[in-house]
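I am opening my notebook on a new structure. I want to see how the chain is built, then look at its sheet and its cores.

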Amino acid sequence: MKLYELTGAFNDIFNLLETEDELDYEALEDTLQALEGAIEQKAGGIAKMVKSLEKAADAYSSEAKRLAEKAKATENKVKWLKDYLLQAMTITGKDKIQTDIGIITRRKSPPSVSVFDPDKIPKKYYFTPPPPPPQLDKRAVLEDLKAGVKVLGAELYQGYHIRIQ
């Protein structure tokens, strides 16, 4: 029997005790003891499964943490290697290199804002509350700089990045 069937039978017997006047108490006691033993056995089996699954979940969590750390270290290596390659291509003046796995190109990154003195940037470029201190709207600064508007405290900056195709 399944645990829910055993507990249902156990409850049925207790309901019989409340509703029936004439019962064979010896047979009833034997039945209750048998049900109780079966319930305890099922509960013990379920408890073992729970413990086993908890240990498995802990092992998976530990492995996930280990793999996340390994992924972060690998991402850092990739970033370092790309920066190293970009530096070498910049120094040698190469914008394109053909390799046996593909073409490596040095391309201009999209324009971004390099803020060297945020105190000089006009307040219209700052976000207003809800964030308590105003935040600089770099997108607005970028749009104006691209349109040729002079913004005190900021300049248009365009770097390079590596793409491996």
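**Entry 1: the elements.** Before listing anything, I note what counts: helices are DSSP runs of at least four residues and strands are runs of at least two, numbered from the N terminus. I also note that this is a predicted model. I counted 3 helices and 7 strands in the protein chain. Reading from the N terminus on, I wrote down the order α-α-β-β-β-β-β-α-β-β.

**Entry 2: the overall form.** Why do I call the chain more spread out than a compact globule? Its radius of gyration is 36 Å, and the globule rule gives 15 Å for 165 residues, so the chain is well over that value. I then looked up the spans along the principal axes. The C-alpha trace covers about 100 × 50 × 20 Å.

**Entry 3: surface and burial.** I looked up how much of the chain is covered. Of the 165 residues, 16% count as buried, which here means under 20% relative accessible area. The accessible surface comes to about 13,100 Å². Carbon and sulfur atoms hold 57% of that surface.

**Entry 4: the sheet.** Which strands form the open sheet, and in what order? I found 3 strands, in the order E1-E2-E7, with antiparallel pairing. E1 (96-98) and E7 (160-164) stand at the edges. Each has a single partner strand, so one side of each is left without a neighbour in the sheet. On average, neighbouring strands here are turned by 15° against each other, direction ignored. I then checked E2 (residues 103-108) against E7: the two pair over 5 bridges in the antiparallel sense. I picked out one residue, Arg 107, and found that its bridge partner in E7 is His 161.

**Entry 5: the cores.** I know that in soluble globular proteins, nonpolar side chains tend to be buried together. How many residues does the largest nonpolar core have? I listed 10, among them Val 113, Ile 121, Tyr 126, Leu 145 and Ala 154. Helix H3 (residues 138-146) gives the largest share of this core, with 3 residues. A second, separate core has 7 residues, including Ala 9, Leu 28, Leu 32 and Leu 35.

**Entry 6: one core residue.** I chose Tyr 125, a member of the largest core. I left aside its neighbours within four places in sequence. Tyr 125 is then in contact with Gln 135, Leu 136, Asp 137, Ala 140, Val 141, Asp 144 and Val 151. Of these, Leu 136, Val 141 and Val 151 are also listed in the largest core.

**Entry 7: contacts along the chain.** Last, I took contacts between residues at least 6 apart in sequence. Among these, 57% join residues at least 24 apart.

Note on methods. Residues numbered from 1 in each chain as written. Predicted model: local features only at pLDDT ≥ 70, side-chain atom pairs only at ≥ 80, totals over all residues. Heavy atoms only, no water. Pairing = 2+ DSSP bridges. Axes fitted to C-alpha atoms, helices over the stretch in contact; angles between N-to-C directions. Core = buried A, V, L, I, M, F, W, Y, C linked by side-chain atoms within 4.5 Å. Buried < 20%, exposed > 50% of the residue type's maximum accessible area, 1.4 Å probe, protein only. Contact = heavy atoms within 4.5 Å. Rg over C-alpha atoms; globule rule 2.2 N^0.38 Å. Areas by Shrake-Rupley, 256 points an atom, 1.4 Å probe, with all protein chains shown as cover.
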